[in-house]
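Here's a quick walk through one protein model, from the overall fold down to a handful of residues. Have the viewer open and follow along.

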Amino acid sequence: MASVLLYDGTCGLCAASVQFVLRHDRTGTLRFAPLQGTFARRVIDRHPELAGVDSVVWVDLSDAGEPTATAVRSEAALRAVAYLGGWWSLLSAGRVLPRALRDVVYDFVARHRHQFTREQCLLPHPDQRQRFIE
């Protein structure tokens with residue numbers, strides 16, 4: 001089953017996070033889409049509980065390419081590091097913490113993310129463009 005990581009397309013920290021995943025990705029199967037795009041709108045239409053979510057979103061896809069399951073906030077971030085494997089998967093140990101506590105930390109970073117980096121558009125390398133969905 002393929003997965004897509006939805007991210008804020010106007011957030012510098014989010015763009016840097018996507019670049020980090022791309023640099024450390026061993027399998028090259030994860031795809032990316034901005035929250036402001038048409039794919040994200042399709043996911044939100046299918047999962048209305050995501051309406052208004054201002055968070056990274058991990059989306060599992062069916063074999064037909066339809067969004068089946070989603071994870072947000074710290075759970076989405078933990079799925080991303082688990083996907084990377086290797087030493088990065090050690091960060092998945094964060095699951096021992098209660099989700100509420102993990103999300104408090106996630107929300108703090110999310111609230112201040114525009115202070116950490118300047119706003120920028122993510123311009124993928126030409127070799128990576130096929131992994132991005134509008």
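Helices here are DSSP runs of H or I with at least four residues, strands are runs of E with at least two, and both are numbered from the N terminus. Keep in mind that this is a predicted model. Counted that way, the protein has 5 helices and 4 strands. Going along the sequence, they come in the order β-α-β-α-β-β-α-α-α. The radius of gyration is 14 Å, close to the 14 Å that the globule rule gives for 134 residues, so the protein is as compact as a globular protein of that length.

**Overall numbers**

The C-alpha trace spans about 35 × 35 × 30 Å along its principal axes. Of the 134 residues, 43% count as buried. The accessible surface comes to about 7,700 Å², and carbon and sulfur atoms own 59% of that. How are the contacts spread over the sequence? If you take contacts between residues at least 6 apart in sequence, 64% of them join residues at least 24 apart.

**The largest pocket**

If you're after a cavity-like feature to look at, what volume does the largest pocket have? The figure is about 810 Å³. Its lining is made up of 30 residues, and those nearest the centre are S17, V56, A77, Y106 and V109. Four elements each give two or more residues to that lining: β1 (3-7), α1 (12-24), α3 (73-84) and α4 (99-111). By residue class, the lining divides into 22 nonpolar, 4 polar and 4 charged.

**Four buried residues**

Now for some individual positions. This table puts their places and relative accessibilities side by side.

| Residue | Place | Relative accessibility |
|---|---|---|
| F32 | strand β2 (residues 31-34) | 0% |
| A80 | helix α3 | 8% |
| R102 | helix α4 | 10% |
| S92 | loop between α3 and α4 | 15% |

The cut-off for buried is under 20% relative accessible area. F32, at 0%, therefore counts as buried. The C-alpha atoms of F32 and S3 are 8.6 Å apart in space, with their positions 29 residues apart in sequence. Which residues does F32 touch, once neighbours within four places in sequence are left aside? The list is V4, L5, Y7, V18, V21, L22, R131, F132 and I133.

A80 sits in helix α3 and, with a relative accessible area of 8%, is buried. Its pairing with L30 is another one to look up in the viewer: A80 and L30 are 50 residues apart in sequence, yet 9.0 Å apart from C-alpha to C-alpha.

What about R102, over in helix α4? Its relative accessibility is 10%, so R102 counts as buried too. Setting aside neighbours within four places in sequence, R102 is in contact with S74, E75, L78, G94, R95 and L97.

That leaves S92, in the loop between α3 and α4. Is S92 buried or exposed? At 15% relative accessibility, S92 counts as buried. Not counting residues up to four places away, S92 touches L78, V81 and A82. L78 is worth a click, since it turns up in the contact lists of both S92 and R102.

How values were computed. Residues numbered from 1 in each chain as written. Predicted model: local features only at pLDDT ≥ 70, side-chain atom pairs only at ≥ 80, totals over all residues. Heavy atoms only, no water. 1 Å grid on protein atoms, 1.4 Å probe; cavity = no way out; pocket = protein on both sides within 12 Å on 5 of 7 lines; lining within 4 Å. Points joined across faces, edges and corners; volume = space filled by probe spheres on them. Nonpolar A, V, L, I, M, F, W, Y, C, P; charged D, E, K, R; others polar. Rg over C-alpha atoms; globule rule 2.2 N^0.38 Å. Buried < 20%, exposed > 50% of the residue type's maximum accessible area, 1.4 Å probe, protein only. Contact = heavy atoms within 4.5 Å. Areas by Shrake-Rupley, 256 points an atom, 1.4 Å probe, with all protein chains shown as cover.
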